[in-house]
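Hi,

Here is the structure I promised to pass on to you. Have a look at it first, and my notes on what turned up follow below.

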Amino acid sequence: LIPQLRQIFFVTNSSDYEKNMHAIEITPPEGDDAADRLATLVQLAKANGFVAIVRGDAALAGESGADGVLLALGKEDDIPSAREILGEDAIVGASCGLFEDMAEAALAHGVDFVSFCFPDGALPPESTVKWWTTVSDLPALVEGEVTNDNCLDYIRAGAMLLDCGGYIFGHKEGAMQGTVNMLYAIDLALDSA
């Protein structure tokens, strides 16, 4: 994982993008040394100009020094306690599935971004992202099988965050080429949006 991350960081930081404009979401590893491994990944991401978000666990996010947390589906009520654990400047997101009422509840609780996805990982409809842009100017994360071929539609719909890890890490020519392809596709999408 670390060599792949270094390739991603190298490509991204060699581009025209500003540092701290990209985020990496880290699912906490399992095992006895999980906290140490998580902290290593968080510090590596931050040292390379990426915002580090831990999925699902505000306490682990705080212990690891992460910039924020993405709370699990149905946990929008935990936003205030996540802020208490991580501090007011932390980035707190909420997974909302495709439920507009959850997204609205998260907004009422002071979330910084929301995530939309199907439970099985399939991409959400673009209309859900468009709806969010009428409700809030906070970022929407599109989770699922985002690729360089379908990111245009979500960027046009108003998504500001894309879950492209599956595409990048699974690219047949490696994470470096996957990152190059994704950054190029995003640039094209932004130019045409």
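Please keep in mind that this is a predicted model. I'll begin at one end of the sheet. Strand β6 (residues 140-142) and β7 run parallel and are joined by 2 bridges. If you want a pair to click on there, Leu-141 stands opposite Leu-161 in β7.

Zooming out, the sheet is an open one of 7 strands with parallel pairing, and its order is β1-β2-β3-β4-β5-β6-β7. Its edge strands are β1 (22-26) and β7 (161-162), each of which pairs on one side only.

Further into the sheet, strand β4 (residues 91-95) is connected to β5 by 3 bridges, and these two run parallel. Gly-93 has Phe-113 in β5 as its bridge partner. Phe-113 also comes up in the burial results: β5 is covered on both faces, with Phe-113 and Ser-115 buried on one side and Val-114 and Phe-116 buried on the other.

Now to the helices around β1 and β2. Helix α1 (residues 2-13) lies across β1 and β2 (50-55), at about 140° to β2. Helix α2 (residues 34-47) also lies across β1 and β2, and its angle to β2 is about 155°.

The part I spent most time on is α6. Which residues of α6 are buried? They are Thr-128, Val-129, Trp-131 and Trp-132. These residues span an arc of only 155° around the axis, so they sit on the same side of α6. As for what covers them, the list includes α5, β5 (113-116), β6 and α7 (151-157).

Of those neighbours, α5 deserves its own paragraph. The axes of helix α5 (residues 100-108) and helix α6 (residues 126-135) come within 11 Å and cross at roughly 30°, and the crossing is right-handed. On the α5 side the contact involves Glu-100, Ala-103, Glu-104 and Leu-107, which meet Trp-131, Trp-132 and Val-135 of α6. Sorted by class, this contact has 5 nonpolar and 2 charged residues, and no polar ones. Trp-131 and Trp-132 therefore appear twice in my notes, as members of the buried set that lies on one side of α6 and as partners of α5.

If you only have a few minutes, I'd suggest starting with α6 and then moving on to β5, whose two faces are both covered. Do write back with any questions once you have had it open on your screen.

Best wishes

Key
Residues numbered from 1 in each chain as written. Predicted model: local features only at pLDDT ≥ 70, side-chain atom pairs only at ≥ 80, totals over all residues. Heavy atoms only, no water. Axes fitted to C-alpha atoms, helices over the stretch in contact; angles between N-to-C directions. Helix = DSSP H or I, 4+ residues; strand = E, 2+ residues; numbered from the N terminus. Left-handed = near helix turned anticlockwise from the far one by under 90°. Contact = heavy atoms within 4.5 Å. Nonpolar A, V, L, I, M, F, W, Y, C, P; charged D, E, K, R; others polar. Pairing = 2+ DSSP bridges. Buried < 20%, exposed > 50% of the residue type's maximum accessible area, 1.4 Å probe, protein only. Arc of directions from axis to C-beta.
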